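Welcome! Work through these short exercises with the structure in view, and try each task before you read its solution.

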There are 2 protein chains.
Amino acid sequence: MHSLLTIKTISTGQDNMNLKAFTSFSELSIAELDAHQQAGGKIAGVYCIYAPNELIRAAGIVPVSLCGKKQQPIKDAERDLPASLCPLIKSSYGYAITDSCPFFSFSDILIAETTCDGKKKMYELMGKIKPMHLMHLPHTQQGSAPLQYWRDGLEELKQFLTDCSGIEVKEEVLHQQIVLQNKIRHELYNLSLLAADKRSPLTARDMLAVQESKSFTVYPEKYLAQLICLHTELEEHLQEEGLPERNGIRLLLTGCPVGIGSDKVIQIAEELGARVVCMENCSGLKGMTMPVTETGDPYLALAERYLQIPCSCMTPNPNRAKSIKEMVKAFEVDAILDMTWLGCHTYNAESTTLQRTIEEETGLPFLHIETDYSESDEGQLRTRIEALIELAE
Amino acid sequence: MHSLLTIKTISTGQDNMNLKAFTSFSELSIAELDAHQQAGGKIAGVYCIYAPNELIRAAGIVPVSLCGKKQQPIKDAERDLPASLCPLIKSSYGYAITDSCPFFSFSDILIAETTCDGKKKMYELMGKIKPMHLMHLPHTQQGSAPLQYWRDGLEELKQFLTDCSGIEVKEEVLHQQIVLQNKIRHELYNLSLLAADKRSPLTARDMLAVQESKSFTVYPEKYLAQLICLHTELEEHLQEEGLPERNGIRLLLTGCPVGIGSDKVIQIAEELGARVVCMENCSGLKGMTMPVTETGDPYLALAERYLQIPCSCMTPNPNRAKSIKEMVKAFEVDAILDMTWLGCHTYNAESTTLQRTIEEETGLPFLHIETDYSESDEGQLRTRIEALIELAE
């Protein structure tokens, strides 16, 4: 596997500082979070892309993603939670009760959401550790009543945020945050498209680091600037002559979120010579494809946009297949890998129908795998992913 | 095990026709359902006690419980659904796709609800077979917004019901149904209390048949009359002198619903000499303890009552521990058996906290078991339930 750093060092003799910044973003952000808190600023721990960044920041609070991507704290979580819950929930809870996640320690408040049964019940326990606000998601994206219910919920969240920071949310500030987050989403999507170029030296794990860094960003303007910088550098790089092409099968990864630490399927796919060119999951581009309307009632605009996230918690969830089909075209995808965590009922139950729709409408091979954070099934995963790659060849 | 039939035959020389009527209620109702449908009446298949009987009947529609309590159709369901879903969901779906449930065949419409992730996603598939209305439950019983959302949902259900039957729901008729269902709930609770008398010959499986019959009732007035008749007969019976007492440990069963066919834990407990004196689950008394307010806006009254059902889909769910503690007193309970189906995240996740609360506040031993519809774990269940009984002795 190449990294932009190596390629650039070879081709231009320069270090790629931008990518370095992304790959160690979460560590770098700790100093900034500390300074923010020392200066009296507040920090909100979040677990999910339904948490509206714009609103949190408009209340002067920095949203930060909490740990939940490693196997290690799961055994502690299982003292309180059933083993049948997904590893993401158990890992998140394990980090919280053992106080082993620095971002959890920093958090003044937690923002939770009713995306699934397991999380919903786990948050009851976690809410005893830190002040928590539970966002009540409707189960559907259709109709005016759920939208209004969700919009009113955002006003409740605003009140919780203001109670925490003492900062009233001004519409003008909220509008600025909406414009800024729209720019970031737009830039991230465009950068991802460029990174999927056959001659791009960026790996899926590089892009995962870039995307994940969004969740540890104390200063979003700085993050946007870094994205633009990487984009420019990559664009310049791709203009160079004689760059080698990467000819592996182009995979789209969908399903449950993955992150640095819970990315074994990406690693296996890449080791097998395939290339994960895009991730249609909430750690990937799922949260990047829709802008928030910049005019009118900002709460309604936020409610509309966030409610349209194609999460399997929605019933029905037609936007997911639509979003995958769009990415299949845009990223020239050869096969679909649907990875779900064991115990994630909504994504697992959605898989059969999704597979039928995608195979029928795109003709692409589709593989659904259920796995967890352990290493025990790596051999089996390797065999199955290899078979998918052979089918796509 | 005694049955009232045997005892009565011995003690009074009369057959107990009332209990017989309950134990074969679902079979007997088929003829009545057929006649209702032949006369142009409509039938709604329901899966859950959140479906408001009163409203369905006020639209001239008979609500009937659909099959989902046997192992047999599960293998068919697993063609479309993940094996990790609970047996109740897979069994229900299996019956539907194989058209092997007479009540499903009778149903003109289905009424579904967002009680859990698995059901929610399963209903997407089932909704392709019959016209379905999905009731959107809020995730909490607290605050005015969820209540209003749920109330408005009942108005939507009313419209769906009227579209099916062509019968407009009149407030007067709805009020009559509310009064009638209140009487049934009240009578059922009182009968259950009496049936838990130490000298009562009724077993838990007898009472399960009585309670379950409510869901197959074409004519609720007739069902109420049968309840009253059984109550009177039992009361008279208990006035006889020299009746033997049943001295086994008195168990309260909580957790997921059980039914005739999925009642192996009741059977095992009774075989071990214990007595399940009450069931705090939605196939038991959970749905019988609260009346609907009989004055004011009937939709709000229904919304208030149904939203207070202490289901683990609610977060938090304080009413469940409260309800258990009340039943512990009323039914003189010695130990708690919390039975959950494998894959039921909400009940499984609630178990640890519930156990701590119940043990602390009642001092009673508490056993949580996770099982499914298969017979494979009966030996292990027997050992664990035996240990609970020994603890309670």
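**Exercise 1: A residue in a loop**

B:Thr315 is buried, its relative accessible area being 5% (buried means under 20% relative accessible area, exposed over 50%, partly exposed in between, with a 1.4 Å probe and protein chains only). Before going on, note that this is a predicted model, where local features need pLDDT of at least 70 and side-chain atom pairs count only at pLDDT 80 or more, while totals for chains, interfaces and linings use all residues. Residues are numbered from 1 along each chain as its sequence is written, chains are lettered from A and ligands numbered from 1 in the order in which they are written, and side-chain values use heavy atoms, leaving out hydrogens and water.

Task: Find where B:Thr315 is found and what it is in contact with.

Solution.
- Step 1: Look in the loop between α14 (298-307) and α15 (318-330) of chain B. Helices here are DSSP runs (H or I, at least four residues), numbered from the N terminus.
- Step 2: Leave aside neighbours within four places in sequence; B:Thr315 is then in contact with A:Lys120, A:Glu124, A:Leu134, B:His139 and B:Thr140. Contact means heavy atoms within 4.5 Å.
- Step 3: Check the peptide bond to B:Pro316: it is cis, with omega about -5 degrees. In chain A, a cis peptide bond joins A:Thr315 and A:Pro316, with omega about -10 degrees.

**Exercise 2: The helix before the loop**

Task: Decide which residues of α14(B) are buried, and what covers them.

Solution.
- Step 1: Count: 8 of the 10 residues of α14(B) are buried, so call this helix mostly covered.
- Step 2: Name some of them, including B:Tyr299, B:Leu302 and B:Arg305.
- Step 3: Look around them: the cover includes α4 (53-58), α9 (144-165) and α10 (171-195) of chain B.
- Step 4: Go to the start of α14(B), where a side-chain oxygen of B:Asp297 comes within 3.0 Å of the backbone nitrogen of B:Tyr299.

**Exercise 3: Where the chains meet**

Task: Describe the interface between chain A and chain B.

Solution.
- Step 1: Begin with the contacts: 40 residues of chain A touch 39 residues of chain B.
- Step 2: Turn to area. The size of an interface is often given as the accessible area lost when the parts come together. Here the two chains bury about 3200 Å², 56% of it on carbon and sulfur atoms (accessible area, 1.4 Å probe, lost on being put together, summed over both parts).
- Step 3: Pick out A:Lys121, A:His139 and A:His345, which supply 22% of the area that chain A buries against chain B, more than any other three residues.
- Step 4: Count the salt bridges between the chains: there are 4. One of them joins the side chains of A:Glu350 and B:Lys121 at 2.6 Å, N to O (a salt bridge is a side-chain nitrogen of Lys or Arg within 4 Å of a carboxyl oxygen of Asp or Glu).
- Step 5: See which helices take part: α8 (117-126), α9 (144-165) and α16 (345-362) of chain A each supply at least two residues of the side that touches chain B. The most comes from α16(A), with 8 residues.

**Exercise 4: How the copies are related**

Task: Which turn and shift lay chain A on chain B?

Solution.
- Step 1: Use a turn of 180 degrees and a shift of 0.0 Å along the axis, which gives an RMSD of 0.0 Å (least squares on C-alpha atoms of residues with pLDDT of at least 70 in both copies).
- Step 2: Name the relation: a two-fold axis.
- Step 3: Find the C-alpha of chain A nearest the axis: that of A:Asp117, 3.1 Å away.
- Step 4: Compare the surfaces: 98% of the interface residues of chain A are also interface residues in chain B, so the copies meet through the same surface.

Methods: Polar contact = N/O pair within 3.5 Å; in protein donor to acceptor, adjacent residues only side chain to side chain.
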